[in-house]
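Here are a few exercises to work through with the model open in your viewer. Try each task on your own before you read the solution.

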Amino acid sequence: MQAKLRAALLRPLTIVCLGLAGPGVQAHEPGAHVHGQAVLRVVVDGNTLSAELESPLDNILGFEHAPGSAQEQQAVTLAVTALRKPGGILLPTPAAQCTLQKVSLASAALTPTMLGEPGTATPPSADEPGHADLDGEFSWQCAKPEFLHSLRVDLFLAFPRLHKMQVEVAGPKGQSATTLTGSHRTVQW
């Protein structure tokens, strides 16, 4: 699904969710960087399921800079392997027979090559201050989309530094939002 269509579908949901926060509750700006928390946007469009992940890199790797040691490089390799594994961390309803078609990963602290993407192998500066995120795009084609009604999010199992995830869904029944945790890992629509 194209990014413009996805943004158009999710923009009203974000506004509604911010409005539901109520008085005295401060909503985070889009892209807010909070360790232990992430955002997942899910779009169901016919037989296509798409998900966009935004997470502080610390949730995934335990650090937010270019890997400097062999141990940090191994953490990147293990995380990328887990994120790219079909049926690994994001699991659509099994009866829908969805096949992972694409995984795209990006981070300002990691080179595209480190993330398994085409691009330059020049590492970013390990001394760059600030916070870094990991952005992921996942898409599936489902043979039986009529049975597609949920997505189990096992990111919590693979990345124990992640504690809470805001999930926004635009699907066949409209838009919804929920919060997932390590003990509540499935979003339904």
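The exercises below go from the overall fold to single residues, and they concern a predicted model.

**Exercise 1. The chain as a whole**

Task: Find how many helices and strands the chain has, and in what order the elements run.

Solution. Start with the count: the secondary structure comes to 4 helices and 9 strands. Next, walk from the N terminus, and the elements read α-β-β-α-α-β-β-β-β-α-β-β-β. Then turn to burial: of the 189 residues of the chain, 38% count as buried. Finally, look at the contacts between residues at least 6 apart in sequence: 66% of these join residues at least 24 apart.

**Exercise 2. A sheet of three strands**

Task: Work out the strand order of the sheet that contains E3, E6 and E9, and say which strands lie at its edges.

Solution. Step one is to look at the pair E3 (residues 90-92) and E6 (residues 150-153), which run antiparallel and are joined by 3 bridges. Two positions help you to align this pair: leucine 90 stands opposite valine 153, and leucine 91 has arginine 152 as its bridge partner.

Step two is the pair E6 and E9 (residues 186-188), again antiparallel and again with 3 bridges. Here leucine 151 has valine 187 of E9 as its bridge partner.

Step three puts the pairs together: the 3 strands form an open antiparallel sheet in the order E3-E6-E9. E3 and E9 are the edge strands, since each pairs on one side only. From one strand to the next, the twist averages 20°.

**Exercise 3. The two sides of helix H3**

Task: Check the length of H3 against its expected span, then find which residues of this helix are buried and which are exposed.

Solution. First, the length. H3 covers residues 70-84, and at 1.5 Å a residue its 15 residues should span 21 Å. The expected span multiplies that rise by one less than the number of residues. The end C-alpha atoms are 21 Å apart, so the two values agree.

Second, burial. Glu72, Val76, Ala79, Val80 and Leu83 are buried. These residues lie on the same side of H3, because they cover an arc of only 100° around the axis. The spacing fits a general rule: an α-helix has 3.6 residues a turn, so residues three or four places apart point the same way.

Third, the other side of H3, where Ala70, Gln71, Gln74 and Leu78 are exposed.

Last, ask what covers the buried residues. The cover includes helix H2 (57-61), strand E4 (98-106), strand E5 (133-142) and helix H4 (155-158).

**Exercise 4. An aromatic pair**

Task: Locate the aromatic pair and classify its geometry.

Solution. The structure holds 1 aromatic pair. Phenylalanine 138 and tryptophan 140 form this pair, with 6.5 Å centre to centre and 20° between the planes. Planes under 30 degrees apart count as stacked, and the pair is stacked. Now check the surroundings: phenylalanine 138 has a relative accessible area of 3% and is buried. Tryptophan 140 is buried too, with a relative accessible area of 3%.

**Exercise 5. An unusual backbone angle**

Task: Glutamine 97 is not a glycine; what is the sign of its phi, and where is this residue found?

Solution. The phi of glutamine 97 is positive, at about 50°. Placing it in the chain, glutamine 97 is found in the loop between E3 and E4. Its relative accessibility is 41%, so glutamine 97 counts as partly exposed.

How values were computed:
Residues numbered from 1 in each chain as written. Predicted model: local features only at pLDDT ≥ 70, side-chain atom pairs only at ≥ 80, totals over all residues. Heavy atoms only, no water. Pairing = 2+ DSSP bridges. Axes fitted to C-alpha atoms, helices over the stretch in contact; angles between N-to-C directions. Phe/Tyr/Trp six-rings, centres within 6.5 Å; stacked < 30°, edge-to-face > 60°. Buried < 20%, exposed > 50% of the residue type's maximum accessible area, 1.4 Å probe, protein only. Arc of directions from axis to C-beta. Contact = heavy atoms within 4.5 Å.
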